[in-house]
Amino acid sequence: MGLFRTEFLFMGRQGSLPDEDEQYAAYRAAVEGMHGLPVTIRSIDIGADKPLDDRRPDTHLNPALGLRAIRWSLAEPVMFLTQLRAILRAAAHGQVQLLIPMLAHASEIRQTLELIERARAQLDQRGQTHGPVKVGAMIEIPAAALSLRLFLRHFDFLSIGTNDLIQYTLAIDRTDESVAHLYDQLHPAVLRLVADTLAEGARQGKPVSVCGEMAGDTAMTRLLLGLGLRSFSMHPSQILAVKQEILRADTTKLAPWAQAVLASDEPASLLLPPP
Ligand code: PEP
Ligand code: MG
């Protein structure tokens with residue numbers, strides 16, 4: 001499964017926004033390019049490491065904790081409704097999974113789902129064709145990983161954004177070189193949040209994928225398989241290596257080993273050799 005990071009349509013244009021038809025054309029091309037397979041389109045994740053206008057960098061003290069992703073979308077409903085209408089129109093041409101980044105609060109979930117319905121109603125009013133979408137949430141704030149029942153009640157699927165989940169769990173700015181050595185994907189707390197999300201999704205029969213860098217890291221493939229992950233989303237250049245690792249793995253032996261890694265104070269020491 002791939003991920004369409006829509007912010008790249010919005011960046012590098014000095015703050016001006018693509019209109020609905022331009023967005024629709026881009027999303028439709030992505031949908032049609034999948035020839036019937038689902039495409040995951042993530043709503044705009046602007047802010048922090050992805051500024052809308054790089055000539056005017058974010059001057060807030062902690063941009064990673066500020067108005068980014070869904071927070072920005074909810075603060076700019078006209079922009080968000082435009083994007084949602086474009087995605088819903090593209091969904092008439094194939095299978096679309098709409099993924100919402102950086103949710104933490106029930107109120108954000110409620111507002112987001114209401115805006116999706118409003119966008120649909122606007123298209124109906126115009127008599128414009130649109131298609132069904134599955135709606136999913138990114139689990140990338142620890143608060144979300146600790147509120148899984150809320151998320152699973154409202155969404156069709158979840159996707160774990162490990163890049164941000166690590167950043168926020170460990171309080172490490174992912175863009176700050178001076179703390180890069182503390183950015184640890186094997187920290188027991190990070191693994192616990194990933195494992196719980198996978199397990200709760202499986203219990204409730206809802207798909208959970210991982211779409212951060214962790215999913216494309218072959219050193220993590222067997223551990224993620226052992227924790228129950230079956231849907232990896234990564235850059236195309238990593239697919240072959242991860243696929244080979246998956247084919248080599250004996251999944252029956254991986255689950256007990258993954259539980260031992262999860263229970264360890266130093267998971268990295270148990271990672272090699274994998275079973
Ligand atoms: C993530 O946070 O893991 C993720 C996939 O999104 P991004 O890297 O675009 O924030
Ligand atoms: Mg993210």
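A residue counts as buried when its relative accessible area is under 20%. By that cut-off Gly136 is buried, because its relative accessibility is 0%. Keep in mind as we go that this is a predicted model.

Let's stay with Gly136 for a moment, since it makes a handy starting point. This glycine sits in strand E4. Setting aside residues up to four places away in sequence, Gly136 touches Leu98, Leu99, Ile100, Phe155 and Phe157. With Leu98, the C-alpha atoms are 6.1 Å apart, although 38 residues separate the two along the chain.

From there, move on to the metal. The magnesium ion, ligand 2, has Glu140 and Asp164 as its protein donors, through OE and OD respectively, at 2.0 to 2.2 Å. These two donors bring together distant parts of the chain, 24 residues apart. Glu140 belongs to the loop that runs between strand E4 (133-139) and helix H6 (142-145), while Asp164 is part of helix H8, residues 162-170. Are these donors buried or exposed? Glu140 has a relative accessible area of 2%, so it is buried. Asp164 is buried too, again with a relative accessible area of 2%.

Both acids turn up again at ligand 1. A polar side-chain atom of Glu140 is 3.0 Å from an oxygen atom of ligand 1, and for Asp164 the corresponding distance to a ligand oxygen is 2.9 Å. Arg42 joins in as well, with a polar side-chain atom 2.8 Å from an oxygen of ligand 1. How much of ligand 1 does the protein bury? Taken alone, ligand 1 exposes 290 Å², and 98% of that is buried by the protein. There are 14 residues around ligand 1, and those that come nearest are Arg42, Gly161, Asn163, Asp164 and Arg174. Among the elements, H8 gives the most to this shell, with three residues.

Now for the packing. As a rule, nonpolar side chains in soluble globular proteins tend to be buried together. Here the largest nonpolar core has 82 residues, and Phe151, Leu158 and Leu223 have the most contacts inside it. The biggest contribution to this core comes from helix H4 (residues 77-90), which gives eight residues. For a closer look, try Phe151: leaving out neighbours within four places in sequence, its contacts are Leu103, Ala104, Ile109, Ala137, Ile139, Ala144 and Leu158. There's also a second, separate core of five residues, including Leu99, Met138, Phe157 and Cys211. Two of those names should ring a bell, as Leu99 and Phe157 are among the residues that Gly136 touches.

Last stop: a couple of backbone oddities. Most residues other than glycine have a negative phi. Ala69 has a positive one, near 50 degrees. You'll find Ala69 in the loop between strand E2 (39-42) and helix H3 (70-75). Ala171 likewise has a positive phi, about 55 degrees, without being a glycine. Its place is in the loop between H8 and helix H9 (188-203).

Which of these words, buried or exposed, fits each alanine? Ala69 is buried, with a relative accessible area of 0%. Ala171, on the other hand, counts as exposed because its relative accessibility is 70%, and the cut-off for exposed is over 50%.

Methods
Residues are numbered from 1 along each chain as its sequence is written. Chains are lettered from A and ligands numbered from 1 in the order in which they are written. This is a predicted model: local features need pLDDT of at least 70, side-chain atom pairs count only at pLDDT 80 or more; totals for chains, interfaces and linings use all residues. Side-chain values use heavy atoms; hydrogens and water are left out. Donors are N, O and S atoms within 2.8 Å of the metal (3.2 Å for Na, K and Ca); water is not among the atoms, so sites may look incomplete. Helices (H or I, at least four residues) and strands (E, at least two) are DSSP runs, numbered from the N terminus. Buried means under 20% relative accessible area, exposed over 50%, partly exposed in between (1.4 Å probe, protein chains only). A nonpolar core is a set of buried Ala, Val, Leu, Ile, Met, Phe, Trp, Tyr and Cys residues joined through side-chain atoms within 4.5 Å. Contact means heavy atoms within 4.5 Å. A residue is near a molecule or strand if one of its heavy atoms lies within 4 Å of it. A polar contact is a pair of N or O atoms within 3.5 Å; within protein, one must be able to donate a hydrogen and the other to accept it, and residues adjacent in sequence count only if both atoms are side-chain atoms. Accessible areas come from the Shrake-Rupley method with a 1.4 Å probe; for residues, only the protein chains shown count as cover.
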